[in-house]
Amino acid sequence: MSDENRLPDPLVILQKLPNNIAIVFRHYHYQNRYPLAHQLVEAAHRRGLKVLISGNLHLAKKIHADGIHLPSHMLKTRQARRIINRYP
């Protein structure tokens, strides 16, 4: 998992990660979330890694991420129910 505090620049670890894993990109409040997420997806895909975008289906679709991660605080929201029902 990456976020502003734990792993501010997830691109730096891509070469060290094992094959067949997924990275959960959080960075909820990062000012440049879209460009960083887009760079991460492109770099990860070149390595054969998957990227899940946390909490934002629109961003995940826009940058061709491999899926979405719904954090526990979102599971009971109306938005999460729509996502779950639409993409089972």
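This is a walk through a predicted model, from the start of the chain to the core and the charged pairs.

Begin at the start of the chain. Methionine 1 sits in the segment before β1. With a relative accessibility of 53%, methionine 1 counts as exposed, because the cut-off for that class is over 50%. Methionine 1 still has partners from further along the sequence. Neighbours within four places aside, methionine 1 contacts Leu7, Val24, Arg26 and His69. Its C-alpha atom is 9.9 Å from that of valine 51, although 50 residues separate the two along the chain.

Aspartate 3 belongs to the segment before β1, and that strand covers residues 22–25. Is aspartate 3 buried or exposed? Its relative accessible area is 5%, so aspartate 3 is buried, the limit being under 20%. Beyond its neighbours within four places in sequence, aspartate 3 touches Pro8, Arg26 and His27. Its side chain also has a backbone partner. The backbone nitrogen of asparagine 5 lies 2.9 Å from the side chain of aspartate 3.

Now turn to charge. Side chains of opposite charge can pair when their charged atoms come close. How many salt bridges does a search of the whole structure find? The search finds two. One joins aspartate 3 to arginine 6, with the closest N and O atoms 3.1 Å apart. The partners differ in exposure. Aspartate 3, at 5% relative accessibility, counts as buried. Arginine 6, with a relative accessible area of 58%, is exposed.

Arginine 26 also forms a salt bridge with aspartate 3, and here the closest N and O atoms are 2.7 Å apart. Arginine 26 lies in the loop between β1 and α1, while aspartate 3 is in the segment before β1, so this pair ties together parts that are 23 residues apart in sequence. Arginine 26 has a relative accessibility of 19% and therefore counts as buried. Through shared partners, the salt bridges join Asp3, Arg6 and Arg26 into one network.

Follow the chain on to helix α1. This helix has 15 residues, 33–47. At 1.5 Å a residue, α1 should span 21 Å. Its end C-alpha atoms are 21 Å apart, which agrees. After α1 comes glycine 48, with a positive phi near 85°.

Which residues of α1 are buried? They are Arg33, Leu36, Ala37, Leu40, Val41, Ala43 and Ala44. The cover over these buried residues includes β1, β2 (50–54) and α2 (57–62).

Arginine 33 deserves a separate look. This residue is in helix α1. Its relative accessibility is 10%, so arginine 33 counts as buried. What does its side chain reach? One partner is the backbone oxygen of arginine 26, at 2.8 Å. Another is the backbone oxygen of serine 54, which lies 2.8 Å from a polar atom of the arginine 33 side chain. Leaving out neighbours within four places in sequence, arginine 33 contacts Phe25, Arg26, His27, Tyr28, Ile53, Ser54, Asn56 and Leu59. The start of the chain comes into view here as well. The C-alpha atoms of arginine 33 and glutamate 4 are separated by 9.9 Å, with their positions 29 residues apart along the chain.

The nonpolar core comes last. The largest one has 17 residues. Leu14, Phe25, Val51, Ile53 and Ile63 have the most contacts inside this core. Which elements give two or more residues to this core? They are β1, α1, β2 and α2. With six residues, α1 gives the most.

Isoleucine 53 shows how a core residue is surrounded. Apart from neighbours within four places in sequence, isoleucine 53 contacts Phe25, Arg33, Ala37, Leu59, Ala60, Ile63, Ala65, Gly67, Ile68 and His69. Among these contacts are Phe25 and Ile63, which are also listed with the most contacts inside the core. Arg33 and Ala37 are contacts of isoleucine 53 too, and both are buried residues of α1.

Two threads can be traced back through the model. Arginine 26 is a salt-bridge partner of aspartate 3, and the backbone oxygen of arginine 26 is reached by the side chain of arginine 33. Arginine 33 in turn contacts Ile53, one of the residues with the most contacts inside the largest nonpolar core.

Definitions and conventions: Residues are numbered from 1 along each chain as its sequence is written. This is a predicted model: local features need pLDDT of at least 70, side-chain atom pairs count only at pLDDT 80 or more; totals for chains, interfaces and linings use all residues. Side-chain values use heavy atoms; hydrogens and water are left out. Helices (H or I, at least four residues) and strands (E, at least two) are DSSP runs, numbered from the N terminus. Buried means under 20% relative accessible area, exposed over 50%, partly exposed in between (1.4 Å probe, protein chains only). A polar contact is a pair of N or O atoms within 3.5 Å; within protein, one must be able to donate a hydrogen and the other to accept it, and residues adjacent in sequence count only if both atoms are side-chain atoms. Contact means heavy atoms within 4.5 Å. The expected span of a helix is 1.5 Å times one less than its number of residues. A nonpolar core is a set of buried Ala, Val, Leu, Ile, Met, Phe, Trp, Tyr and Cys residues joined through side-chain atoms within 4.5 Å. A salt bridge is a side-chain nitrogen of Lys or Arg within 4 Å of a carboxyl oxygen of Asp or Glu.
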